[in-house]
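Q: Could you take me through one part of this model up close, strand by strand? I'd also like to hear about any pocket that ties in with that part.

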Amino acid sequence: MMHPNSPHLTSWVDVPDGSDFPVQNLPFGIFSIGDGERRVGVAIGEQILDLYLVGEHGLLDVPQGELLGSLNQLFERGIEPVRQRVSELLASGSVELATVPDSGLIPQTGVSMELPFVVGDYVDFYSSEHHATNLGKMFRPGGDPLMPNWKHLPVGYHGRASTVSVSDTPVVRPAGQRPGKDGPTFGPCQRLDIELEVGFFTSKPSSLGSAIPMVDAESHIGGVVLVNDWSARDIQAWEYQPLGPFLGKSFVTTVSPWVVTMAALEPFRGAAPVQNPTPLGYLTDDSNRSLSIDLSIELNGENIGGSDFADMYWTMAQQLTHAASNGTAIKPGDLYASGTVSGPTSSECGSLIEMSKNGAEPFLLSDGSRRSFLEDGDRVVLRGRCNAPGAVSIGFGECAGQVMPARAGGTN
């Protein structure tokens, strides 16, 4: 039996060259057809393997109820044995799925992708030193761009779980209070921005009152998605002091529909960044590792930037360990986002506020138009690919959203 990550593994399913979803990936998601029930599926090439249908034919050792609705129960059970079994079924030479109608495969173009988890809690971090430094220089010129706590803990805030949405959910321009020379006004956001992020969903829970040590943190992480934590910069600028983000961030957060498991990402792990000063003991462990993902941003089909997730100062394990250090309960399906991922150069910005220098230097698109922030009708697509010597490249699919005009409402 070949390891699911083996570069020598092939599938009897046709997988186009350069696909995000070779047999070495096998990410999990929730799909529906028309008004049908929401089922667990696995992406392979341009197809989806319908795990509920496969289970009906006795080919999976999983209760059928865990293959409907959401990924919460399946990931809490432990996803790697299921991925291993799916790898066996899809490997070249396997004929077990011949007894299933259409071999259990459905074209991805014929389905609606749904939010993969029932999200109980959502936390957004601020873990890129380059992004935090870029913004600090804008807002505190002449001062230290990083706040005194930044290199001692993964700074974060609790977002609104009810507005976490799956890719291609319309992004309605939010309204709110905006600062002005003569005081605040209420109306549509004028400085709508994106944030290029990576997030993880938790799987194994922890009990109230217990912490999660660094050495165990990744055992609580089920899988990884791309995240766009859209931001209303003008609303945020007026409201965020002293308690931080509120309405400027809570209107929508977009996630990609396919959850790439931690096991599938193993070939793309590396040494964690050197941290100076050394974090406190509960945030240090020899097992702490980074994850390399080549990230990109498309605006109306044009690539406008990107970065590498490996540059993040704080790792996923440190984020989760810190979040649980006060004894909060971690539940399956909680979402933890990295914060904007920016790199060390001007071409590696993960937000428009960085690209346009807070609106002072609009950037040019190939159609001749300029942008500082998003206009109605703009469509943003985030992508991510993992590459490493000796490994088959895998990806995450699209994390997309299109800006819709603000709904009619009061202004003053």
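A: Two strands count as paired when DSSP finds at least two bridges between them. Keep in mind that this is a predicted model.

Let's start at a single pair of strands. Strand 2 covers residues 39–44 and strand 3 covers residues 47–50. The two run antiparallel, with 4 bridges joining them. One bridge you can look up for yourself links Ile 44 to its partner in strand 3, Gln 47.

Now zoom out to the whole sheet. That pair belongs to an open sheet of 5 strands, in the order 4-3-2-1-5, with antiparallel pairing. Strand 4 (105–107) and strand 5 (112–114) are the edges, each pairing on one side only. From one strand to the next, the twist averages 50°.

Stay with strand 5 at the edge, which takes in residues 112–114. Met 113 is among the residues nearest the centre of the second largest pocket, along with Gln 108, Pro 257, Trp 258 and Glu 398. This pocket has a volume of about 300 Å³ and a lining of 13 residues. Sorted by class, those are 6 nonpolar, 3 polar and 4 charged.

For comparison, here is the largest pocket. Its volume is about 900 Å³, and 35 residues line it, with Tyr 126, Leu 135, Gln 236, Tyr 240 and Pro 245 nearest the centre. Helix 4 gives the largest share of that lining, 5 residues, while strand 6 (122–125), strand 7 (156–158) and helix 6 (233–239) are also among the elements that each supply at least two. By class, the lining has 17 nonpolar, 10 polar and 8 charged residues.

Technical notes: Residues numbered from 1 in each chain as written. Predicted model: local features only at pLDDT ≥ 70, side-chain atom pairs only at ≥ 80, totals over all residues. Heavy atoms only, no water. Axes fitted to C-alpha atoms, helices over the stretch in contact; angles between N-to-C directions. 1 Å grid on protein atoms, 1.4 Å probe; cavity = no way out; pocket = protein on both sides within 12 Å on 5 of 7 lines; lining within 4 Å. Points joined across faces, edges and corners; volume = space filled by probe spheres on them. Nonpolar A, V, L, I, M, F, W, Y, C, P; charged D, E, K, R; others polar.
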